[in-house]
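I opened this notebook to follow the aromatic rings and the nonpolar residues through one structure. My entries below keep the order in which I looked things up.

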Amino acid sequence: MKLALLASVIGAASAFAPATNNARASTSLNEKMSESLPFLPYPENLEGYVGDVGFDPFRFSDFAPMDFLREAEIKHGRICMLAWSGFVAVDLGARIYPLPAAYEGLTSVTAHDALVEYGAMGQLFLWIGVAETIATISLIQMLYEDSGREPGDFGLDPLGFLEGKSEDEVNRMKLRELKNGRLAMLAFSGVVTQSVLTQGPFPYV
């Protein structure tokens, strides 16, 4: 009787022993890890997108459509490439003439308040709002109406960079744009911060 009782206790205890831990350890070892953040799991929704290195530490791709996220990344990258060039060009002396007298002597940093005061920022807000409205319509069609448009593709290639290119060559061009856009987002944040801190001309040191 005592042996039977002891056997039952051992059998019950074995149900909670290391078998579960081994299974968990096996699953953990087999889990794909991020290339850019090897201490985090790979975000599976990034797979198949150009420029994917598994970088999504906040897991936005788990709850937002990837086409929407890619469209936003490309758009912000393009804007920042233009913004960095324009910001620095103004501080190097570039102007569009005839220049209103009120804008004489302005830098990229001090121009903001002056343009708000004289109404130019209102014009910018209006026309950028129109452009964003049109872009939002095409985004909704891409996400919900299966328009076939790829994120960031507005059919604008006036110099024919993609004409006659293979799929691999097109993807390389897309990757170059992505990398330059990502760099530009960091660069524009840095140049604005540095110019405000130093209040000096380019290179803001």
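I began with burial in this predicted model, and I found that Phe 87 and Tyr 204 are both buried. For Tyr 204 I noted a relative accessibility of 2%, and it counts as buried because the cut-off is under 20%.

Next I asked how many aromatic pairs there are by the ring rule. The count comes to seven. I looked up Phe 87 with Tyr 204, where the ring centres are 6.3 Å apart and the planes stand at 65°, so I entered the pair as edge-to-face. Phe 87 belongs to helix H3 (residues 66-91), while Tyr 204 is in the segment after helix H6 (167-198), so this pair ties together parts that lie 117 residues apart in sequence.

I then turned to Phe 202 and Tyr 204, whose ring centres are 5.7 Å apart with planes at 90°, so this pair is edge-to-face too. Phe 202 has 33% relative accessibility and counts as partly exposed. I recorded one aromatic cluster formed by Trp 84, Phe 87, Phe 188, Phe 202 and Tyr 204.

Two charges over rings went into the next entry. The charged end of Lys 32 sits over the ring of Tyr 42, at 4.1 Å from its centre, and that of Arg 149 sits over the ring of Phe 154, at 4.6 Å from its centre.

Last, I looked up the largest nonpolar core, which has five residues, namely Tyr 103, Leu 106, Ala 111, Ala 114 and Leu 115. When I left aside neighbours within four places in sequence, I found Leu 106 in contact with Arg 95, Ala 111 and Ala 114.

Terms used
Residues are numbered from 1 along each chain as its sequence is written. This is a predicted model: local features need pLDDT of at least 70, side-chain atom pairs count only at pLDDT 80 or more; totals for chains, interfaces and linings use all residues. Side-chain values use heavy atoms; hydrogens and water are left out. A nonpolar core is a set of buried Ala, Val, Leu, Ile, Met, Phe, Trp, Tyr and Cys residues joined through side-chain atoms within 4.5 Å. Buried means under 20% relative accessible area, exposed over 50%, partly exposed in between (1.4 Å probe, protein chains only). Contact means heavy atoms within 4.5 Å. Rings of Phe, Tyr and Trp (its six-membered ring) pair if their centres lie within 6.5 Å; planes under 30 degrees apart count as stacked, over 60 as edge-to-face and the rest as tilted. Helices (H or I, at least four residues) and strands (E, at least two) are DSSP runs, numbered from the N terminus. A charge sits over a ring if NZ of Lys or CZ of Arg is within 6 Å of the ring centre and within 35 degrees of the ring normal.
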